[in-house]
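Grab a viewer and work through these exercises with the structure open. Each one has a task and then a solution in steps.

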Amino acid sequence: MHLTREEEKALGGEEGEGKRKAMEILVAIGEIYDAEELLPVGRAQISGVSYKTIGEAGMEFLRDLADRGAGIDILATLNPAGVDLEQWKELGYPRQFAEKQGEIIDAYTRMGAVPSCTCTPYLAENIPSPGEHIAWAESSSIAYANSVIGARTNRESGISALAAAIIGKTPNYGLHFDENRKPDLRIKVKAELREEADYSALGYYVGQNYDCIPLFQGIRPTKEEMKAFGAAFAVGPGALFHVESITPEAKKYGAEVVEKVEIGEDEIAEAYAELNTTEEADLVCIGCPHLSSREIRKVVRLKPEKKTWLFTSRQQKALFKEAIPKNTTLVCDTCMVVSPLEDIGIRSVATNSAKCAYYCRNLSGLEVKFGRLENLVR
Ligand code: F3S
């Protein structure tokens, strides 16, 4: 990999220990993927924020990096943490967990990250332009940025996104190049998709069954439905999809795709069946990915009869001005997957998100009811 003199200096430790470590990470990744150079980026989205997912070792690593003076000069936002940083006590989370979480946020903010704690940075303060090169972790936001916005990022990990944030560069390979963004499978959807949950089931099915960059025909999703779709799709290896006449790069490449498949009602039903393990749930969890204020409004107007937590960013919460029904709580800074619900007595959740269903079962060991919104809250 070709490094500039400045990059060589950072790698040699002349600009401090923090930058040296970050350069080592970027060079190692660049060599794995045969990148020829580093590419400047102005935005990062960093995952690996919850104490539940990174534990003591991750916290020590971040604290050490901050203590060694690692600094972030670009806009770097954070993924959800393990608790709502303001109302963790009222929601029943253990003090010790909340304190550890506070230390992680402190290390990130000392380095210069913005403690946004959301997986929808593109709805808040981190909004890339079409064609912009970025370094994002968090698979759902990667899928949205690449597909719906037309920005360019590989599937960064928490560590590689943090290193990119510290250096302001990322290895130039993969989805940063035109030729790697072309669809290789045309998917004709013959099922009737009515809402986010249906799109989420479709995304899950495609992500689990095809390792591809799909081009969809026969659907007209809203941005919120693409948000739901992309999160579930990216439970598999995917990071980019195109939708004919909707997403920004679909027209550019669409004519070239040769291989075709069809997806109908049976495949959508298969995804629902695979993700459902229970009929009753302790808690309805909506907001994977985090809800926009418009989506909050949609749930609130259904007047949930079941105990319901709505996960969102502080920024979208601030935009929502209506009264919250008594069974419903707006929860910020965290999500149902990276928060230790299982430690506060929750054994089962109901959700309209296939990603939430998949990880609540496989990461947290919870029973899951996966269905359409109205059927969950009533
Ligand atoms: Fe976001 Fe958590 Fe889902 S990070 S995409 S709400 S698993």
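**Exercise 1. Sort the shell around the ligand by class, then find which element gives the largest share of it.**

Solution. This is a predicted model, so treat every value below as computed from it.
- Start with the members: the residues around the ligand are P80, C119, E138, S140, G287, C288, P289, C335, V337 and K355.
- Sort them, and you get 6 nonpolar, 2 polar and 2 charged residues.
- Now look at the elements: strand β10 (residues 283-291) supplies 3 residues, the largest share of the shell.
- As for the site, the ligand sits in the largest pocket.

**Exercise 2. Look at the backbone of E138, P289 and D333, and say what is unusual there.**

Solution. Begin with the background: most residues other than glycine have a negative phi, and most peptide bonds are trans.
- P289 has its place in strand β10, and the peptide bond leading to it from C288 is cis, with omega near -5 degrees.
- E138, in the loop between β4 and α6, is not a glycine, yet its phi is positive at about 80 degrees.
- D333 is also not a glycine, and its phi is positive too, about 70 degrees. You'll find D333 in the loop between β12 and β13 (348-351).
- Check accessibility next. E138 comes out at 12% relative accessible area and D333 at 3%, so with a cut-off of under 20% both count as buried.
- Tie this back to the ligand: E138, C288 and P289 are among the residues around it.

**Exercise 3. Is helix α6 (residues 139-149) enclosed or open, and what does it pack against?**

Solution.
- Count the buried residues: 11 of the 11 in α6 qualify, so the helix is largely enclosed by the rest of the structure.
- Among them are S140, Y144 and N146; S140 is also one of the residues around the ligand.
- Then list the partners. The buried residues of α6 pack against β2 (43-46), β4 (135-136), α9 (223-233), β10 and α14 (354-362).
- Finally, step past the end of the helix: G150 follows α6 and has a positive phi, near 85 degrees.

**Exercise 4. Test whether the length of helix α8 (residues 196-209) agrees with its residue count, then check how covered it is.**

Solution.
- Take 1.5 Å a residue, multiplied by one less than the number of residues. For the 14 residues of α8 the expected span is therefore 20 Å.
- Compare with the model: the end C-alpha atoms of α8 are 20 Å apart, which agrees.
- For coverage, 12 of the 14 residues are buried, so α8 is mostly covered. The buried ones include E196, D198, Y204 and Y205.

**Exercise 5. Find what I166 and P325 touch beyond their sequence neighbours within four places.**

Solution.
- I166 is found in helix α7 (residues 158-167) and is buried, at 2% relative accessible area.
- Its contacts outside that window are G18, K19, A22, L65, A70, G71, I72 and M111.
- Take K19 as a worked pair: I166 and K19 are 147 residues apart in sequence, while their C-alpha atoms are 6.6 Å apart.
- P325 is found in the loop between α13 (314-319) and β12 (328-332). With the window applied, P325 is in contact with V300 and P304.
- For a second distance, pick V299: P325 is 26 residues from it along the chain, and the C-alpha atoms are separated by 9.9 Å.

Definitions and conventions. Residues are numbered from 1 along each chain as its sequence is written. This is a predicted model: local features need pLDDT of at least 70, side-chain atom pairs count only at pLDDT 80 or more; totals for chains, interfaces and linings use all residues. Side-chain values use heavy atoms; hydrogens and water are left out. A residue is near a molecule or strand if one of its heavy atoms lies within 4 Å of it. On a 1 Å grid over the protein atoms alone, a cavity is a set of points where a 1.4 Å probe fits but cannot get out, and a pocket is an open set with protein on both sides within 12 Å along at least five of seven lines; lining residues have an atom within 4 Å of a point. A molecule sits in a cavity or pocket if more than half of its atoms lie within 2 Å of its grid points. Helices (H or I, at least four residues) and strands (E, at least two) are DSSP runs, numbered from the N terminus. Ala, Val, Leu, Ile, Met, Phe, Trp, Tyr, Cys and Pro count as nonpolar, Asp, Glu, Lys and Arg as charged, and the others, Gly among them, as polar. Buried means under 20% relative accessible area, exposed over 50%, partly exposed in between (1.4 Å probe, protein chains only). Contact means heavy atoms within 4.5 Å.
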